[in-house]
Amino acid sequence: MKLSPRATLIKPSPTLAVTAKAAALKAAGRDIVGFGAGEPDFDTPEHIKQAAVEAIRAGFTKYTPVGGIDDLKDAIIAKLIRDNGLAYGRPEIMVSCGAKHSLYNVAQVLFGDGDEVIVPAPYWVSYPDLVVLAGGTPVILPTEEKDGFKVRPEALRKAVTAKTKALILNSPSNPTGSAYTEAELKALAEVVLATGILVITDDIYEKILYDERKFANIVSVDGRLKDQAIVVNGVSKAYAMTGWRIGYAAGPREVIKAATDLQSQNTSNPTSIAQKASVAALNGDPSVVDAMVVEFQKRRDVIAAGLNAVPGVSCRLPEGAFYVFPNVEGLFGRAWRGKTLGSSTDVTEFLLEEANVAVVPGIAFGDDRFIRLSYATSMKNIEEGLRRFAKAVASLG
Ligand SMILES: *Cc1c(COP(=O)(O)O)cnc(C)c1O
């Protein structure tokens, strides 16, 4: 059957593909240590589950308003004031089936033919595809490890053309784990203001920050940006709620209205029960998140130190999220099964075949010199995975 031209543009998410491949090998009996997962390994906190159970019992199981129930919009509004110092009203909020869905809807109503969207690399795998599917052109802006994988203001200014519509920022970042400081965001905000482009800030890892760092987003550090910014966030990563599918966008009323109208023609409202659970998450005790962050930080320290101990591998200590993004260029040129390792895909294949360790190649995130490991897995798996990693590298020719 002949598919539409749009269908030919779609690539499956490479991170989900690695997770699926590792799961298939495991199911076939191979003892795989997986570092592919992009989700917390903790259980959803009990009071959040309880709110969903109560919603079911109370018969809250029908369609809701397309862009979310008022209770949830109000919980989001309160959160944006409390955590970010940002004041939005209900018509400026859209609740979707995950932050990814909010990003998709926003991209569809903002980007069109000829629009360039600046995507700093390493980037989250979905950004370029979301832009392409909307008819726009992703303009990849490489960043350097020595700059903490952060965009320099001069580099941003140079990347802006007459066709530039927007910049997508993600801090803390998937895949690098790096997080911008207030001062760095202020400097970028000046460029955004001077050039008049839009900015989309994906704050999904806001709560997962280490060493007492304080979260900042570009709109909270420079309020003048509010009319040209969309803030995207959700409950997936902070509350271990990836399967519940609730995310949201806050931004100018006309953008939110158009995106919500689009949502009305595809999914309708996000799940009623999950919305009630998200109200409990956002209004509930914030210390449930702190406990997860303490555990993530211990794992970060172990996995970064373990990788740095492997000759040919160097790993920057991330500020947030639950990924490390080690540089594996030092392994290029080494021989394995008569082949020479020369790319992140080669290293990924070598680790899977030789060490039974599943990682994601950096090429999926726009940089072939790195690989990504998620440490949203037990300390036992991390230690075993590191042991296998080091042993396999030691066996290289
Ligand atoms: C996980 C992730 C998302 C998607 O979150 P959902 O709310 O589960 O759709 C968005 N952005 C980044 C950078 C992510 O890693």
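Helices and strands here are DSSP runs, numbered from the N terminus. With that in hand, the loop between strand S5 (164-170) and helix H8 (182-195) is a good place to start, since Pro 172 is found there. This is a predicted model, and in it the peptide bond from Ser 171 to Pro 172 is cis, with omega near -15°. Pro 175 lies in the loop between S5 and H8 too, and the bond leading into Pro 175 from Asn 174 is also cis, with omega near 25°.

Another loop, the one between strand S7 (229-234) and strand S8 (247-250), holds Ala 240. Here the thing to look at is phi: for Ala 240 it sits near 50°, a positive value in a residue other than glycine.

Next come the helix pairs. Helix H5 (residues 99-110) packs against helix H10 (residues 253-266) at an angle of about 110°, and the two axes are 9 Å apart. Angles of 65 to 115 degrees count as roughly perpendicular, so that label fits H5 and H10. The crossing of H5 past H10 is right-handed. On the H5 side, the contact is made by His 101, Asn 105, Val 106, Gln 108, Val 109 and Leu 110. H10 brings Val 255, Ala 258, Ala 259, Leu 262, Gln 263 and Asn 266 to the contact. Sorted by character, the residues where H5 meets H10 come out as seven nonpolar, five polar and no charged.

Helix H13 (residues 344-355) and helix H14 (residues 379-394) make up another pair, with axes that come within 10 Å and cross at roughly 100°. H13 and H14 are therefore roughly perpendicular to each other. In this contact, Phe 350, Leu 351, Glu 354 and Ala 355 of H13 meet Arg 388, Phe 389, Ala 392 and Val 393 of H14. The tally for H13 with H14 is six nonpolar, no polar and two charged.

That leaves the ligand. There are 13 residues around it, and the ones that come nearest are Ala 99, Asp 202, Tyr 205, Ser 236 and Lys 237. What does the side chain of Asp 202 approach on the ligand? One of its N or O atoms is 2.6 Å from a nitrogen atom of the ligand. For Tyr 205, an N or O atom in the side chain is 2.7 Å from an oxygen atom of the ligand. Lys 100 uses its backbone instead: a backbone N or O atom of Lys 100 lies 3.0 Å from a ligand oxygen atom.

Methods:
Residues numbered from 1 in each chain as written. Predicted model: local features only at pLDDT ≥ 70, side-chain atom pairs only at ≥ 80, totals over all residues. Heavy atoms only, no water. Axes fitted to C-alpha atoms, helices over the stretch in contact; angles between N-to-C directions. Helix = DSSP H or I, 4+ residues; strand = E, 2+ residues; numbered from the N terminus. Parallel < 35°, antiparallel > 145°, perpendicular 65-115°, else oblique. Left-handed = near helix turned anticlockwise from the far one by under 90°. Contact = heavy atoms within 4.5 Å. Nonpolar A, V, L, I, M, F, W, Y, C, P; charged D, E, K, R; others polar. Near = heavy atom within 4 Å. Polar contact = N/O pair within 3.5 Å; in protein donor to acceptor, adjacent residues only side chain to side chain.
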